[in-house]
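Let's look at one protein model together and ask how its labels are earned. Each reply sets a value beside a rule and then draws the conclusion.

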Amino acid sequence: MITKSAIDKRQYKYLVLPNKIRCLLVSDMEADKAAAAIDVHVGSAHDPKPLFGVAHFLEHMLFQGTKKYPIENEYSEFISKNGGYENAFTSTEDTNY
């Protein structure tokens, strides 16, 4: 159950995806923009010894090309052309996209 303030007009929905990723969806009808983020609780402190930096490397690889957007930076360009921006970071315990 999600607990919120009595004056909070936003709607919330919690769900767990088939791959066990937990999600919190927030809908704010007064907002003029949309956003999405995912945080994986794996950061640079979890890098295996022979592969220091792999968490940060994989963070950057997400934006280099995917099956849906195979051209380098195509996804970033799509987001930019539609008025958005993307950012990510890797800390010792988390990587956020």
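A residue is called buried under 20% relative accessible area, exposed over 50%, and partly exposed in between. Keep in mind that this is a predicted model.

Q: Why is Gln11 called exposed?
A: Gln11 has a relative accessible area of 54%. Exposed means over 50%, so Gln11 earns the word exposed. You will find Gln11 in strand S1. The C-alpha atoms of Gln11 and Glu93 are separated by 29 Å, and the two residues are 82 apart along the chain.

Q: What makes the pair Arg10 and Asp8 a salt bridge?
A: The rule asks for a side-chain nitrogen of Lys or Arg within 4 Å of a carboxyl oxygen of Asp or Glu. In this pair the closest N and O atoms are 3.0 Å apart. Since the limit is 4 Å, Arg10 and Asp8 count as a salt bridge. As background, side chains of opposite charge can pair when their charged atoms come close.

Q: Are the two partners, Arg10 and Asp8, buried, partly exposed or exposed?
A: Arg10 has 35% relative accessibility, so Arg10 counts as partly exposed. Asp8 is at 15%, and buried means under 20%, so Asp8 counts as buried.

Q: How many salt bridges does the rule give?
A: The count comes to two. Glu30 and Lys9 form one of them, with their closest N and O atoms 3.8 Å apart. This pair links distant parts of the chain, 21 residues apart: Glu30 is in the loop between S2 and S3, while Lys9 is in the segment before S1. Both Glu30 and Lys9 are exposed.

Q: What is special about the phi of Lys20?
A: Lys20 has a positive phi of about 75°, although it is not a glycine. Lys20 lies in the loop between S1 and S2. With 67% relative accessibility, Lys20 is over the 50% mark and therefore counts as exposed.

Q: Which value does the phi of Asn73 take, and where is this residue found?
A: The phi of Asn73 is near 65°, a positive value in a residue other than glycine. Asn73 is found in the loop between helix H1 (54-61) and H2. Its relative accessible area is 29%, which lies between the two cut-offs, so Asn73 is partly exposed.

Q: Why can Ile2 belong to a nonpolar patch on the surface?
A: A patch takes residues with over 30% relative accessible area. Ile2 has 35%, so Ile2 passes that cut-off and is called partly exposed. Ile2 sits in the segment before S1. The other members of the patch are Tyr14, Val16, Leu24 and Val26, and together the five have about 450 Å² of accessible area. Strand S1 (11-16) and S2 each give two or more residues to this patch.

Q: What lines the largest pocket?
A: The lining has 30 residues, and Ala34, Ala35, Ala36, Ala37 and Tyr97 lie nearest the centre of the pocket. Strand S2 (22-27), strand S3 (39-40) and helix H2 (74-81) each give two or more residues. S2 gives the most, with five. By class, the lining has 20 nonpolar, four polar and six charged residues. The volume of this pocket is about 1100 Å³.

Terms used
Residues numbered from 1 in each chain as written. Predicted model: local features only at pLDDT ≥ 70, side-chain atom pairs only at ≥ 80, totals over all residues. Heavy atoms only, no water. 1 Å grid on protein atoms, 1.4 Å probe; cavity = no way out; pocket = protein on both sides within 12 Å on 5 of 7 lines; lining within 4 Å. Points joined across faces, edges and corners; volume = space filled by probe spheres on them. Helix = DSSP H or I, 4+ residues; strand = E, 2+ residues; numbered from the N terminus. Nonpolar A, V, L, I, M, F, W, Y, C, P; charged D, E, K, R; others polar. Patch = residues over 30% accessible without salt bridge, like charges linked within 9 Å, V, L, I, M, F, W, Y side chains within 5 Å. Areas by Shrake-Rupley, 256 points an atom, 1.4 Å probe, with all protein chains shown as cover. Buried < 20%, exposed > 50% of the residue type's maximum accessible area, 1.4 Å probe, protein only.
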